[in-house]
Amino acid sequence: MRARYGVPLGVTAVGAACVAYAAGIEPRAFRLRRFDVPVLPAGMRPIRILQVSDIHMVSGQNRKRHWLQSLAGLRPDLVVNTGDNLSDPEGVPEVLDALGPLMEFPGAYVFGSNDYYGPRFRNPGRYLLEKSRRQHGLNGKTDPVTNVVRNPWGDLRDGFDAAGWVGLSNTRGQLKLDDGIQLALTGLDDPHIKRDRYAAVAGGPDPAADLSLAIVHAPYLRVLDAFAADRYPLILAGHTHGGQLCIPFYGALVTNCDLDTQRVKGLSTHTAAGERSYLHVSAGCGANRYTPVRFACPPEASLLTLTPRTPGHPTP
């Protein structure tokens, strides 16, 4: 009897432990990741950017809210929010409360699909199916978004704007840091639901700024190609959740867009038209309320320290 049933029972026990960990422990194991990115002109002081993404706030997530508030202790020069703040139409007040201390610092934001539309349950296997068919979100489809709950994204926008954060939905913006450093920011609305309009912001970095940054929620290749070809030194994105459910020692199975899994999170580069940009993709700190699990992919925020370029290597 032991020989016959010992292995299946053991596998069942391990599986149950993994499910319990993925649902009850890792989604609350928030961490900060740090990266140095050499994109500044020679002689400029380092600039510290805190990137938060994919909060997917649901009412009552107090641990997440307090952790986000604590990030203000890092005292970044700039906060960049790369979207998908909501996973609950009632979550706007808690998002604004969670980010309140961070809104004391200069900031910029773009929205993701979950800021506009309420979540709905999806079979996780569909992500693998969409990957095999090279279809993600509305890409490859012509139908508009239908049969969804509309989130009060306008309230979220108004809260960010009131704090002085710069909205970057298919537009350009400017920010001046306390010591006079001028930043030029170019952002797109979410490519995952075909709201990006690159023609409205094309033209490359602002030559009058000390540094230009490109910001988008979902890192679709068409967007990365455009930003890199226009010679932006750094592109910031979110959306992927780092794969969310990963295999230890292997990594992510999907990215929920057409980006390759090798660049599903963290710092990498992207090349287009002979130009190369740094790319940072945040794995985010939340998940859809109907799939509130993570495995081998802890929730995160990122602190990017921008430093002068290495002599002799002016591009990434």
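**Salt bridges, one helix pair, one helix up close**

Arg289 is partly exposed, at 35% relative accessible area. That is my way in. Keep in mind throughout that this is a predicted model.

Who is the partner of Arg289? Asp88, through a salt bridge. Their closest N and O atoms sit 3.8 Å apart. The cut-off is 4 Å, so this pair counts. It links distant parts of the chain: Asp88 is in the loop between strand 3 (78-81) and helix 3, while Arg289 is in the loop between strand 11 (275-281) and strand 12 (300-308). The two are 201 residues apart. The acid end is covered: Asp88 is buried, at 7% relative accessible area. So we have a buried Asp88 paired with a partly exposed Arg289.

Now the wider frame. The chain holds seven helices and twelve strands. Of its 316 residues, 52% are buried. Take the contacts with a separation of 6 or more: 77% of them come from residues 24 or more positions apart. The exposed surface comes to about 14,200 Å², and carbon and sulfur atoms supply 55% of that.

Back to charges. How many salt bridges does a search of the whole structure find? Ten. Here is another of them: Arg65 with Asp97, side chain to side chain, at 2.8 Å from N to O. Why does this pair tie separate parts together? Because Arg65 belongs to helix 2 (residues 62-70) and Asp97 to helix 3 (residues 92-99), with the two positions 32 residues apart in sequence. Accessibility splits again. Arg65 is buried, at 15%. Asp97 is partly exposed, at 36%.

A third case is local in numbering. Asp158 bridges to Arg157, with 3.1 Å between the closest N and O atoms. Here both ends are partly exposed: Asp158 at 41%, Arg157 at 30%. There is a network too. Arg45, Asp77 and Asp179 are joined into one by salt bridges that share partners.

Next, the helix pair. Two packed helices are described by the distance and the angle between their axes. For helix 2 and helix 3, the axes come within 7 Å and cross at roughly 35°. Which residues make the contact? Arg65, Leu68 and Gln69 from helix 2, and Glu94, Asp97 and Ala98 from helix 3. By type, that is two nonpolar, one polar and three charged. Arg65 and Asp97 are on that list, and they are the salt-bridge pair from a moment ago.

Now helix 6, residues 153-162. Gly154, Leu156, Gly159 and Phe160 are buried there. Those buried residues pack against strand 3, helix 3, strand 4 (107-109) and helix 4 (113-116). A general reminder: an α-helix has 3.6 residues a turn, so residues three or four places apart point the same way. Just past the helix comes Gly164, with a positive phi near 90°.

Stay in helix 6 for Asp161. Buried or exposed? Partly exposed, at 36%. Set aside neighbours within four places in sequence, and Asp161 contacts Tyr109 and Gly167. Tyr109 is 52 residues away from Asp161 in sequence, yet the C-alpha atoms are 9.6 Å apart in space.

Gly164 brings up backbone angles. Two asparagines have positive phi without being glycine. One is Asn170, near 55°. Asn170 sits in the loop between strand 5 (166-167) and strand 6 (171-176). Asn170 is buried, at 18%. Buried means under 20%, so Asn170 qualifies. The other is Asn256, at about 60°. That one is in the loop between strand 9 and strand 10. Asn256 counts as buried as well, at 17%.

Last stop, the surface. Ile247, Tyr250 and Leu253 make a nonpolar patch of about 310 Å². Leu253 lies in the loop between strand 9 (234-237) and strand 10 (266-272). At 32%, Leu253 is partly exposed. A patch residue needs over 30% relative accessible area, so Leu253 passes that test.

To close: Asp88 with Arg289, Arg65 with Asp97, and Asp158 with Arg157 are the bridges to look at on screen.

Conventions. Residues are numbered from 1 along each chain as its sequence is written. This is a predicted model: local features need pLDDT of at least 70, side-chain atom pairs count only at pLDDT 80 or more; totals for chains, interfaces and linings use all residues. Side-chain values use heavy atoms; hydrogens and water are left out. Helices (H or I, at least four residues) and strands (E, at least two) are DSSP runs, numbered from the N terminus. Buried means under 20% relative accessible area, exposed over 50%, partly exposed in between (1.4 Å probe, protein chains only). Axes are lines fitted to C-alpha atoms, for helices over the stretch in contact, and angles run from 0 to 180 degrees between N-to-C directions. Contact means heavy atoms within 4.5 Å. Ala, Val, Leu, Ile, Met, Phe, Trp, Tyr, Cys and Pro count as nonpolar, Asp, Glu, Lys and Arg as charged, and the others, Gly among them, as polar. Patches are made of residues with over 30% relative accessible area and no salt bridge: like charges are joined within 9 Å, nonpolar side chains (Val, Leu, Ile, Met, Phe, Trp, Tyr) within 5 Å. Accessible areas come from the Shrake-Rupley method with a 1.4 Å probe; for residues, only the protein chains shown count as cover.
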